[in-house]
Structures are given as structure tokens and as C-alpha cells.
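Subject: Structure handover

Hello,

Here is the structure I promised to pass on. Please open it first, then read my notes below.

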Amino acid sequence: MKDNELKIMIEYYNQGLNDREISELMNVTQNKICKTRTKYNLKPNSHNRLNYDDIKNLILENKTDSFIANVLNCSKDGIYAIRKKLNIERISLNKNQKIEFNENQLNVLIGTVLGDSHLGIGKDCINPYMSCEHCMKQHELNIELSKIFYNFNCNVSIYNRFDKRSDTHYTSSNFRIPANEGLINIYNSFYLDKIKHIPFNLLNKFNEQSLAWMFMDDGSKLGSGFTIATNCFKYEELVLFNDFLHQKFDLNISIHKYNSIYIDKKSSDTFINIINPFILECVKYKVGS
């Protein structure tokens, strides 16, 4: 196994993936992964070490396999196997069953869709889905989303792509809420002819947590202030949005090149105080922590 392939394999192993999961992601045989792991004295990632009582309690709380796997740092397939072994009945997690968002979920949803998250409607579908892709450095963001939207049968997966031109593996973290009727009104507020807009009719649900998620997704430190990449929105929308942010949070904001918004030095301390309670560890570098 080449050095770059070994590095990828070790990264997956440290995430708790088993030989089969690693082989599927790397598009190599399971036997090759097993031999390489044995060569470097790495024990197989076994699900036997998991506490069945913990798993049973989470299942009885109707948590999804993906949610439990993220909480216990193991694979979704392993949780599925244990759930079948325990033979526990639970409420159906039918993907098409309409689910309403609670207040906290709606706050986060608006913020992250204004950031990196995407709402779309698949071929031959009538209900929208939600997805968000991050680099592995920000994998924690998607894990947190899976905890917040646990009741939507959401999942977090690791996507591996090999670029032959550069002989490089690219790995990303993907969060997804399957198509659900509960997303229709939100989709219609954000999208017109499949083009994303600022949903002014939903801004009464935009709070400090929404702003934090928008920044964690698409924000960064810039000079003595902060910027958020709002490039996909029209200038006229951003003028109104900036007025909203100024009125709600007392922030001084301007529109920079390519339609990104900038929180200036005078408002930087106020901005940090607003979003700090919600900033996850993996993106603290964005606020200089």
C-alpha cells in the first residue's frame, strides 16, 4: 500500500471504521485492509466493546442508527446489527413521514442554509432534502447537525474521491436529511426557480444561534473584522439583510467585493459575544481562539 493510501486508511481507522467500511471508501479489497492493519499491529475496530445498555436506551428513545453511531463513535452498520440482535421494536422512521421542525431546529436550519447547507428536490421527488458538505477538518459541524436533527432520519457519511491527475485522495464529510414534507415551506422560502434567496419571511426565526451557524459554515476572520461569504445572494437582498442584522444585533456591516458581508472592527467584540456560545471546537480558529 502506498504511503498516501496508508495515511488515508489510518485516518479512517482512527475514526472507528471497520475493515469493510474502509475497503468500500478506498475502493480496495477488504483483505488488503485487513493485511495492512495486521502488519502495523492495529486491532480490528470491533463493536463488541460497545455497551449494549447504552445502545438499547438510545434505541428506545427512538434515535436513528446514524445518531447512535455518532454518539458512540462507531459505524452505523454496527448499530444496525446490534439493534437487530436485540430485537427491539420502535416507532417507524419512515423517511417520507412528515416531521415538523421545533424552534431550535428551525433556528439552526435557517442559519446553515444561509451558509453552506443546500435544499434540493431529487428526480421524481416532490419533497425537498437537505445536505451539507464539509472538509474532514470540520466534520464536527455535520456530527452536531445530526444530533440537532436526530428525528429526521438524517445521516453523516464520509465521501472519498480519488483524483487521478494529482494522484490524491480527497475526503469530505456529508450530512443529509432525506426528502421530507416538513421541508417544503422552507424550500419555497429559500428558492425561486432553484436559485437560493434570503428568506425574509423566515427572519423572525433568525437568532444568535442562526448567525453562529451561518458564520461557522461560511465565515472567516478578515483583518480586524469578520466576513461571511454571501456571494450567492443578490446585492439588493444583502442591503436589506444587513439592515436586519444591524437592527437586531446592533452590528455595523458593509457589503464587500463579490457580495460578501463584512462585520467591521467596531462591531467585532459584539459579534464574538453573540456567536461564541454556539461556536464548535473545530471552527474556533475562525474567531481567533
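Is Cys-34 buried, partly exposed or exposed? Cys-34 counts as partly exposed, because its relative accessibility is 30%, and the buried class ends under 20%. Please keep in mind that this is a predicted model.

Cysteines

The count of disulfides comes to zero. A disulfide is a covalent bond between the sulfur atoms of two cysteines. Take Cys-135 as a case. The cysteine sulfur closest to its own is in Cys-282, 8.4 Å away, so the two are too far apart for a bond. The cut-off for a pair is within 2.5 Å. Cys-135 is also partly exposed, because its relative accessibility is 41%.

Strands S2 and S4

Strand S2 covers residues 129-135 and pairs with S4. The two are antiparallel, with six bridges. One position to look at is Cys-132, which stands opposite Phe-175 in S4. Strand S4 itself runs over residues 168-177. Seven of its ten residues are buried, so the rest of the structure largely encloses S4.

Strands S7, S8 and S10

Strand S7 (residues 219-222) and S8 run antiparallel, joined by four bridges. They form a hairpin, with two residues between them. Gly-223 sits in that turn and has a positive phi of about 60°. Leu-222 has Gly-225 in S8 as its bridge partner.

S8 also pairs with S10, again in the antiparallel sense. Three bridges link S8 and S10. Here Phe-226 has Ile-263 in S10 as its bridge partner.

What covers strand S8, residues 225-228? Both of its faces are covered. Gly-225 and Thr-227 are buried on one side, and Phe-226 and Ile-228 are buried on the other.

Leu-114

Leu-114 belongs to helix H7, residues 103-114. It is buried, because its relative accessible area is 2%, and the cut-off is under 20%. Which residues does Leu-114 touch, leaving aside those up to four places away in sequence? They are Phe-190, Ile-198, Pro-199, Phe-206, Met-214, Phe-233 and Phe-241. Look at Phe-215 too. Its C-alpha is 9.3 Å from that of Leu-114, although the two residues are 101 apart along the chain.

Two positive phi values in loops

Asn-41 has a phi near 55°, which is positive in a residue other than glycine. It lies in the loop between helix H3 (30-39) and helix H4 (52-60). Asn-41 is exposed, because its relative accessible area is 70%, and the exposed class starts over 50%.

Tyr-258 has a phi near 60°, also a positive value in a residue other than glycine. Its loop lies between strand S9 (253-255) and strand S10 (261-263). At 60% relative accessibility, Tyr-258 is exposed as well.

The largest pocket

The largest pocket holds about 570 Å³ of space. It is lined by 21 residues. Closest to its centre are Leu-17, Lys-76, Val-156, Ser-157 and Ile-158. Five elements appear in its lining with two or more residues each: helix H2 (19-26), helix H5 (65-72), helix H6 (76-86), helix H8 (139-148) and strand S3 (155-163). What is the make-up of that lining? Seven residues are nonpolar, nine are polar and five are charged.

Best wishes

Key: Residues are numbered from 1 along each chain as its sequence is written. This is a predicted model: local features need pLDDT of at least 70, side-chain atom pairs count only at pLDDT 80 or more; totals for chains, interfaces and linings use all residues. Side-chain values use heavy atoms; hydrogens and water are left out. On a 1 Å grid over the protein atoms alone, a cavity is a set of points where a 1.4 Å probe fits but cannot get out, and a pocket is an open set with protein on both sides within 12 Å along at least five of seven lines; lining residues have an atom within 4 Å of a point. Grid points are joined across faces, edges and corners, and a volume is the space filled by probe spheres set on the points. Ala, Val, Leu, Ile, Met, Phe, Trp, Tyr, Cys and Pro count as nonpolar, Asp, Glu, Lys and Arg as charged, and the others, Gly among them, as polar. Buried means under 20% relative accessible area, exposed over 50%, partly exposed in between (1.4 Å probe, protein chains only). Two strands pair if DSSP finds at least two bridges between them. Contact means heavy atoms within 4.5 Å.
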